[in-house]
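Please open the structure in your viewer and keep the selection panel at hand. The tour below goes from whole chains to single residues, and at each stop it suggests what to select next.

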Amino acid sequence: MNAPRKLAFVVEDDPESRRILRKYLEHLSFDVVEAATGKSALSLLEQRIRPALVCLDLILPELSGYEICEKIRASPRLATVPVLVVSARSMPPDRALAEELGANAYLVKPIRWKTFSQAVAELLPC
Amino acid sequence: MNLFTDLAILGIAIVAAATDRATLVPADWVGLFWISMAVVSIWVVSTAALRHYSAQSYDRAAADDIALIGVQSAAVITVLTLIELLAPAGTLTPRTSQFLLMASVPIALSRRLFCLLAHRETPLDDVLVVGIGPIARLTAQDLRMRRRHRVVGHVRFSGENGREMPLLERSYALDQETCVTVGDFADLERVLRGTPVDEVYIAGNARKHSEEMQATIGTCEKFGVPFAIPAYAFRLERAQAVDAAAIADGYLHYETHPPRLQQQAMKRLFDIVASAMALWLLLPVFLMVMAIIKLTSRGPIFFKQSRVGLHGRGFNMLKFRSMVVGAEVLKRSLTALNEQSGPVFKMRNDPRVTRFGRFIRKYSIDELPQLINVLRGDMSVVGPRPPVPEELEKYEAWQRRRLSVRPGLTCIWQVSGRNQISFEDWMVLDMQYIDHWSLGRDFNLIFRTIPVVLTGRGAS
């Protein structure tokens with residue numbers, strides 16, 4: 001093995017989207033940790049992991065993606081982690097809101113390999 | 001209009017498919033009629049269901065169009081086949097295969113052509129974006145992508161201290177365009193006075209800029225400029241807008257006059273048909289007047305005057321020349337003799353008018369070339385008279401709302417005694433027209449204009 005692989009944290013309630021995100025991220029040589037609800041995502045973030053990238057869906061059970069984004073930015077340990085929002089909402093005002101809450105990039109579902117890999121490359125230049 | 005083209009092609013295809021090739025006449029008109037009705041109604045229903053002609057369809061990919069046409073052709077073919085199967089022997093039935101070729105190919109072609117033309121066309125609307133923050137940047141980006149709007153500039157909210165500027169400039173640079181900021185929030189009125197703007201996008205954060213957003217709405221309403229406010233002003237987590245088609249770009253759109261969309265479309269259609277027909281019918285009059293002007297006075301036949309049209313956009317209004325050449329210059333020396341209050345210049349026995357000019361002015365014949373302006377879309381048949389630029393500079397803010405509709409040949413003022421009415425009252429009448437506009441009122445005004453013109457009442 002070469003250098004330790006980077007960790008990507010996928011927060012997404014839809015299994016099919018999760019599967020695609022995992023596939024893409026593994027292709028980009030990430031280790032992937034998943035959370036299906038906002039609450040489990042938050043407990044994982046608070047205790048154990050410090051990912052290199054967070055892929056965040058906005059519409060989640062319990063806690064929304066907006067709130068998780070705010071929490072990430074508020075935590076000193078996680079404040080600099082790049083957040084990539086993956087959402088079905090596509091209008092300028094939605095995207096502006098995510099940006100104001102601290103998201104670094106925004107992809108509209110359905111995501112495609114090309115746009116996804118480009119966005120990740122921009123967030124984490126190697 | 002697209003629907004009409006498609007229906008016309010369908011109609012021709014039906015007739016062509018039903019026509020006996022040997023004799024070149026359809027054998028059974030009654031049968032043909034019923035079949036046409038069936039096909040047309042299926043087409044209309046299925047396209048309506050699929051939003052084939054909806055306003056948002058312009059940015060749909062060509063592939064989508066082809067898929068839609070496929071589905072619709074399938075529906076139409078089903079009906080035709082059913083008719084073929086069920087119809088008693090001897091009834092005329094269009095040959096299905098023939099119909100398929102004759103209808104679907106031209107429709108697909110016409111749509112492709114339309115898409116091509118639509119993309120080559122210059123953007124339809126000039127848009128002013130208020131704000132330079134994230135919403136403004138993403139909105140401008142979205143508008144550029146849709147290609148139907150051109151952003152003429154951004155106005156800064158007072159809280160936006162320039163930190164947002166580099167990001168905004170970078171987003172424009174990515175599309176090989178340059179970002180223009182036209183001023184600070186305090187300059188909004190000046191900007192709207194100086195630049196033709198078809199719509200103002202108020203791209204602010206409702207929690208940060210609520211007061212200035214409210215002030216912008218007020219200014220737009222006063223000036224009569226359509227505006228749009230973000231439909232997602234608050235954080236929505238799960239909720240979806242019920243009428244998503246109404247906020248296709250994430251904004252709620254407002255107009256300051258009754259937004260009767262169907263009637264507005266009908267009005268434009270009427271303008272095109274009426275002006276084209278009138279120009280054709282009046283061709284002998286045109287030729288005669290042109291000859292007389294040329295023979296009785298030195299100078300060109302038409303007088304092109306620059307006027308201000310819809311949303312403050314300038315255009316050249318055409319008239320038959322009724323004055324001596326250089327009349328605009330002479331006007332300055334006559335200003336003291338103005339007989340109309342306000343910024344408009346009107347005068348009886350104006351020494352600049354030629355003899356034949358007096359006659360054609362009395363019967364408004366000099367205004368006839370404006371039918372060309374109507375056909376071109378600068379003007380409408382009914383609407384407030386377009387002001388000249390100097391006049392507009394003297395307008396008070398509320399009077400600028402006259403520019404919120406397409407200017408016209410005739411309006412309430414023209415049928416209410418014309419030059420006997422003060423400028424102030426004239427403006428009030430125009431506002432009344434704009435606020436209570438409907439297609440029915442337009443026709444009413446047209447009929448009331450006819451006797452005024454024929455008797456030459458109030459003209460000078």
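Begin by selecting chain B and colouring it by secondary structure, which comes to 17 helices and 10 strands. Keep in mind throughout that what you see is a predicted model. Of the 460 residues in chain B, 45% count as buried, and the accessible surface of this chain comes to about 24100 Å², with 63% of that belonging to carbon and sulfur atoms. If you look at contacts in chain B between residues at least 6 apart in sequence, 73% of them join residues that are at least 24 apart.

**Two buried stops in chain B**

Now select B:V151, which you will find in strand β2, residues 149–156, of chain B. Is this residue buried or exposed? B:V151 has a relative accessibility of 17%, and because buried means under 20%, it counts as buried. Show the side chains around it, and, leaving out residues up to four places away in sequence, you will see that B:V151 touches B:V127, B:V129, B:A140, B:L143 and B:Y172. Then draw a distance between the C-alpha atoms of B:V151 and B:C179, which are 28 residues apart in sequence and 8.6 Å apart in space.

Next, move to B:A203, which sits in the loop between β4 (199–202) and α8 (210–223) of chain B. Because its relative accessibility is 3%, B:A203 counts as buried. Among the residues that B:A203 touches, not counting those up to four places away in sequence, are B:V129, B:G131, B:I135, B:F157 and B:Y251. B:V129 may be familiar from the previous stop, where it was one of the residues touched by B:V151. For B:F157 you can also draw a C-alpha to C-alpha distance to B:A203, which comes to 9.6 Å for a pair that is 46 residues apart in sequence.

**A backbone stop in chain B**

Select B:H311, in the loop between β7 (302–308) and β8 (314–320) of chain B, and look at its backbone rather than its side chain. B:H311 has a positive phi of about 55 degrees, although it is not a glycine. With a relative accessibility of 13%, B:H311 counts as buried.

**Over to chain A**

Hide chain B for a moment and select chain A, which has 5 helices and 5 strands. If you follow the chain along its sequence, strands and helices come in the pattern β-α-β-α-β-α-β-α-β-α. The C-alpha atoms of chain A fill a box of roughly 40 × 35 × 25 Å along the principal axes. What radius of gyration does chain A have, and what would a compact globule of 126 residues have? Chain A has 13 Å, which agrees with the value near 14 Å that a compact globule with 126 residues would have. Of these 126 residues, 52% count as buried, and chain A exposes about 6100 Å², of which carbon and sulfur atoms supply 54%. Colouring by charge picks out 17 positive and 16 negative side chains in chain A, and the centres of these two sets lie 5 Å apart.

**Three residues of chain A**

Select A:R5, in the segment before β1 (6–11) of chain A. At 36% relative accessibility, A:R5 counts as partly exposed. Apart from its neighbours within four places in sequence, A:R5 is in contact with A:E26, A:S29, A:F30 and A:D31. A distance drawn from the C-alpha atom of A:R5 to that of A:A52, 47 residues away along the chain, gives 9.9 Å.

From there, step to A:S29, in the loop between α1 (15–27) and β2 (30–35) of chain A. A:S29 has a positive phi of about 60 degrees although it is not a glycine, and at 40% relative accessibility it counts as partly exposed.

Then go to A:P110, in the loop between β5 (105–108) and α5 (113–123) of chain A, where the peptide bond from A:K109 to A:P110 is cis, with omega near 0 degrees.

**Where the chains meet**

Finally, show both chains together and select the residues in contact, which are 18 from chain A and 23 from chain B. The area buried between chain A and chain B is about 1700 Å², with 55% of it given by carbon and sulfur atoms. In chain A, the residues that lose the most area to chain B are A:R89, A:P92 and A:P93, which together account for 31% of what that side buries.

Note on methods. Residues numbered from 1 in each chain as written. Chains lettered and ligands numbered in written order. Predicted model: local features only at pLDDT ≥ 70, side-chain atom pairs only at ≥ 80, totals over all residues. Heavy atoms only, no water. Helix = DSSP H or I, 4+ residues; strand = E, 2+ residues; numbered from the N terminus. Buried < 20%, exposed > 50% of the residue type's maximum accessible area, 1.4 Å probe, protein only. Rg over C-alpha atoms; globule rule 2.2 N^0.38 Å. Areas by Shrake-Rupley, 256 points an atom, 1.4 Å probe, with all protein chains shown as cover. Lys, Arg positive; Asp, Glu negative; His and termini not counted. Charge placed at Lys NZ, Arg CZ, Asp CG, Glu CD. Contact = heavy atoms within 4.5 Å. Buried area = accessible area lost by both parts, 1.4 Å probe.
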